[in-house]
Amino acid sequence: MKVLLLLFMGCFFKLGSSKGISDETGAACLFVASNFSNYPFDCAQPDLEYKCRCLSPEFLGTVLLCIDDNTDEIDELTRAFDYIKEVCGVQGSKKYSFTQLIDVFDNATSHAIPVSVVNGLNKSQLHNPVIPDAQRFASSQESVRRLLNHRYKSTKYGVGLIGYWGLSLVLATTNNVLQWCFPYIYMNMNGDTTRWLREHVICPQLISESHFKKKSRINTFVNSLLRSFPIRVQSITVAFYMALVTIFCTVDYQLYRPNSIFPWKNAQLFAYIADRTGILAITQLPMLILFSGRNNVLQLITGWPYRTFNIFHRWIARTVWILVLLHAVFYVAFTASCSNYRERWMINKWRWANTAFVAASISIFLSSRYFRRKCHQLFVSSHQILAIIFVLGCWYHCLTLGWMEFLYITVAIWALEYFSRFGKIVLSGGIVQGKCTLVLNKKLEPHSLRITVHHSGWWRSFPGAYSYLYFLKPKCFWQSHPFTILGPARQEDFNKLVFLIRIKNGITKELGNYIMRQENLMCTLPMLVEGPYGSTIPFKAYQHAIFFAGGVGITVVYTFAMDLAHTYLADKAKNHSINVIWSAPTISAIEEFVDEIEALSRFEMVKVIIYLTRELEAILPIDDQELKIAPKEMGDPIELVNSCTDLSNNELVHLLDPLSTGSKELPTELNQRMNEIISTTEERVSPVEYDATREKLQNVFFRCKVNLGRRPSIKKELPGLLKLIPDTTAVVSCGPDKMNRDVRNAVAKSLREPNKGRIDYFEEELVW
């Protein structure tokens, strides 16, 4: 928790006092002199930045005489003089030394007139410093004191919001420590209360889609909107955060009259609300940047994946934008009440504030789900540029106001993030060579890429790890994209990184088209590897694991399943099982993953079930009921856990009615389709490679259970499977959003069963 400790130390150190009003007496005297604006000391009004008045010996003399009359100690007078030096130097662009201010003061003492004389003079006749009376100073001092107190409380509220996230992180850290350091205690936390919390709060979606089953445009839109919300526990966390923000924005406003700073009551209220919302926004910037980072150390401490921090980052960003919007609206209302909007627009801090607000607004708009999905690279590039503009705008806006400590911490976190990225690239070997192999689909179009990288060997991959790859080509060298690191299945590849990449739009499509033009559909590309990233799952205390993978999600599932199989084997664990259910679109997808599936299926405790979801029409135009080459959807995973139940094999078979696949000869139609895949391979590989690929595919189909033309019925079958498992079980899903939601909801439903071992759900997904 060192990051949080550093953050809190930085926030509480001279809380809200960097620049801004650093001395109460100096500010009170400044406002006393400013209220002689009816007698403008030969300066056009309003002179909001003191560019003229800081050059006026009459104005400065009035301020310095006031300070001298209302300070008793030399230290007080020095601090007040320093504040005037700061105001004139930063805002008025006129730098004074302490000696020069003493000279101005000495000159003022010989030409000053009392305020009683001023009241009878004409505007044009005032060319002398003025000695304010005690009543004017007392009123101005109280006005400054109330303003400072309001800003101080607003800053404390902002730090309180940081504390809320700190508390959330502490709770997550406690849960993570229990999982890793005290797994058996954690497994025993399976009573009615914890089960209810996981079923109703921690595991499910915010609102179940079953509430909107009826198909209509409205329900389709509502379901789409609900899918964009985080899961229930995350939604509750965000809701409490926003509730605190709302409360802090609406309470504890103490207006003071008469006020030497704000001449009208409405102006004071508008300014106070604008200050509150602006201060709350600026205090959230460190958490906003911290939660967005790839190298966020809190991921390791809390066990939260990058996806979770990214969700919180988005909601903090939306909250900050709303606060900045309110800040802008109420300051415009304040300037309207004072009739000086045009003059304020000429102030640098005002213009930088507008720049920051425009940048934030565009960024929020481009961060919508539509742009993230349709124009991902535009979103990423614009997000980084607009974030820089926003932080710069905040920096120069606050430079003369205060709260710079929050921006110092923000920039430090940001700098550390990019320094860590650079460090990981260096540790990976700098510029490395990646051997790229293109895999075609049945239409001989680019389907996926298999990239093997020789890296430095200074770090090792781990289950669930991924890296960001930079392909050093002229059109895309600045882009980085995350890809799962596939642990090599063969011993001779132990010092290599292997990536299996599905070709979609954007950079992967460009690479696919480029390699398509190369000889043998292979090439070597220079690239940068930034990694590793990711988090692991504490499988140690679970006796069973069920993995669901959709499409290329098998790359993540494979790394976890293979590592867990080795762990079970090394521990000589009995009655442990691993089920891998892979929903693959085509046999081509299996072909590119054949080494890994073959290696995984060699473990006795591992059962692999493959669903070929798009092959049925390509094989035979027959009804699904007539196709009897595969077991009934979820039958086989349950057979694996039979050794852990009191049911016999025959009882389980009778219960689930699975179809037999014990034959060692591939079905004719499946063999025909496999030959089609091999025939496209034969044209671009040697005869030896051709025979090896065919043998691997045959081994995969012999070792695995294959279902053609349909997807697993997760909602119906997974609860039935979990019901038959009496021991602790980890359920992991990595695939499309719908698959992940179905698995999540099925696990939540299974938590209702009493007298069961603990069941936990883990979701793996790469974002951005």
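Here is a short walk through one helix pair and one barrel in this structure, which is a predicted model.

Let's start with the helices. Two packed helices are described by the angle between their axes and the distance between the axes. For helix α2 (residues 24-34) and helix α4 (residues 74-90), the axes come within 7 Å and cross at roughly 60°. That crossing angle makes α2 and α4 oblique to each other, because it falls in neither the 65 to 115 degree range that counts as roughly perpendicular nor the range under 35 degrees that counts as roughly parallel. As for handedness, α2 passes α4 in a right-handed crossing. On the α2 side, the contact is made by G26, A27 and L30, while α4 brings in A80, Y83, I84 and V87. Sort these contact residues by character and you get six nonpolar, one polar and no charged.

Now jump along the chain to the barrel. Strands of a sheet pair through backbone hydrogen bonds, either parallel or antiparallel. Here six strands close into a barrel, with antiparallel pairing, and the order to follow is β3-β4-β7-β6-β5-β8. Ignoring direction, neighbouring strands of this sheet are turned by 45° against each other on average.

Zoom in on one pair: strand β3 (residues 431-440) and strand β4 (residues 446-454) run antiparallel and are joined over seven bridges. If you want a spot to click on, try C436, whose bridge partner in β4 is I451.

The sheet also has a helix packed on it, namely α20 (residues 404-427), which touches β5 (466-471) and β8 (522-533). The direction of α20 makes about 130° with that of β8.

Definitions and conventions: Residues numbered from 1 in each chain as written. Predicted model: local features only at pLDDT ≥ 70, side-chain atom pairs only at ≥ 80, totals over all residues. Heavy atoms only, no water. Axes fitted to C-alpha atoms, helices over the stretch in contact; angles between N-to-C directions. Helix = DSSP H or I, 4+ residues; strand = E, 2+ residues; numbered from the N terminus. Parallel < 35°, antiparallel > 145°, perpendicular 65-115°, else oblique. Left-handed = near helix turned anticlockwise from the far one by under 90°. Contact = heavy atoms within 4.5 Å. Nonpolar A, V, L, I, M, F, W, Y, C, P; charged D, E, K, R; others polar. Pairing = 2+ DSSP bridges.
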